[in-house]
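I opened my notebook for another look at a fold. These are my entries, in the order I looked things up.

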Amino acid sequence: MHDAAQAFAAKRFGDNTAHAAGRTTFNPLAHIDPIGTIVIPVVMYLMSGFVFGYAKPLPINYGQMRHPKRDMAWVALSGPGANFLMALMWLVIAIFLQYFGVQEDFPHLVAKAGIQTNLWLMAFNLLPIPSMDGGRVLFSLLPHKAAFQYARLEPYGFIILLALIFLHLIGPWLYWIGIVANLLLHLIVYPLTILLT
């Protein structure tokens with residue numbers, strides 16, 4: 001849904017590249033990258049127990065958008081936004097599981113994992129590193145000269161990301177973004193919880 005949302009947003013802002021490549025779909029098979037989705041996660045799990053992977057790169061041509069620098073931010077934000085909506089969906093499911101008195105642990109654990117995983121993915125993708133969604137948002141917000149200087153770091157974005165992961169430097173970012181997102185989720189569902197009590 002993350003990549004599909006970005007493909008939909010790109011199409012909305014004038015770039016049809018991802019749509020033409022069949023990426024405006026919720027079918028996961030259209031987004032699988034053999035190396036990034038299968039090989040790297042399996043190898044990393046076997047070597048370290050830590051799993052990291054990625055979907056097939058989304059083909060987006062920002063030059064086809066009506067306002068490329070501005071629209072880039074909205075396309076980038078649509079992916080983490082999809083993760084936030086999925087977390088919200090799982091939270092609503094968790095609330096109804098509790099309301100209907102479901103006793104089995106498994107559905108509750110699935111809902112909890114759905115919330116936590118999507119909030120983690122949202123926060124992770126919002127890291128302000130070139131090539132990440134957060135990096136594209138930062139590029140859009142910076143003045144032109146600073147933005148293009150910042151964009152020169154993009155070839156090193158993956159190396160910067162791996163270094164931050166292995167040095168355990170992204171934990172505070174993930175924690176605080178997760179706290180804020182979790183608070184927003186509970187504010188959104190508060191009327192529902194009041195209605196059901």
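Which residues line the second largest pocket? I found S48, F50, W120, F124, I165, F166, H168, L169, I170, G171 and L174 there. Elements giving two or more residues to this lining are α5, α8 and α9. I noted a volume of about 200 Å³. By residue type, I have 8 nonpolar, 3 polar and no charged.

A reminder to myself: this is a predicted model, where local features need pLDDT of at least 70, side-chain atom pairs count only at pLDDT 80 or more, and totals for chains, interfaces and linings use all residues. Residues are numbered from 1 along each chain as its sequence is written, and side-chain values use heavy atoms, with hydrogens and water left out.

My terms for pockets: on a 1 Å grid over the protein atoms alone, a pocket is an open set of points where a 1.4 Å probe fits, with protein on both sides within 12 Å along at least five of seven lines, and lining residues have an atom within 4 Å of a point. Volume is the space filled by probe spheres set on the points, which are joined across faces, edges and corners. Ala, Val, Leu, Ile, Met, Phe, Trp, Tyr, Cys and Pro count as nonpolar, Asp, Glu, Lys and Arg as charged, and the others, Gly among them, as polar.

Next I turned to the largest pocket, with about 1,300 Å³ of space. It has 39 lining residues, and H2, D3, Y54, A55 and N125 are the closest to its centre. I split the lining into 23 nonpolar, 11 polar and 5 charged. Helix α5 gives the largest share, 6 residues.

So I looked up α5, residues 105-125. Helices here are DSSP runs (H or I, at least four residues), numbered from the N terminus. The 21 residues of α5 should span 30 Å at 1.5 Å a residue (times one less than the residue count), and the end C-alpha atoms are 30 Å apart, which agrees. Buried (under 20% relative accessible area, 1.4 Å probe, protein chains only) residues in α5 include G114, N118, M122 and N125. The buried residues of α5 pack against α1, α4, α6, α8 and α9.

Last, I checked L142, in the loop between α6 and α7. L142 counts as partly exposed (20% to 50%) because its relative accessibility is 23%. Beyond neighbours within four places in sequence, L142 is in contact (heavy atoms within 4.5 Å) with K69, A147 and Y150.
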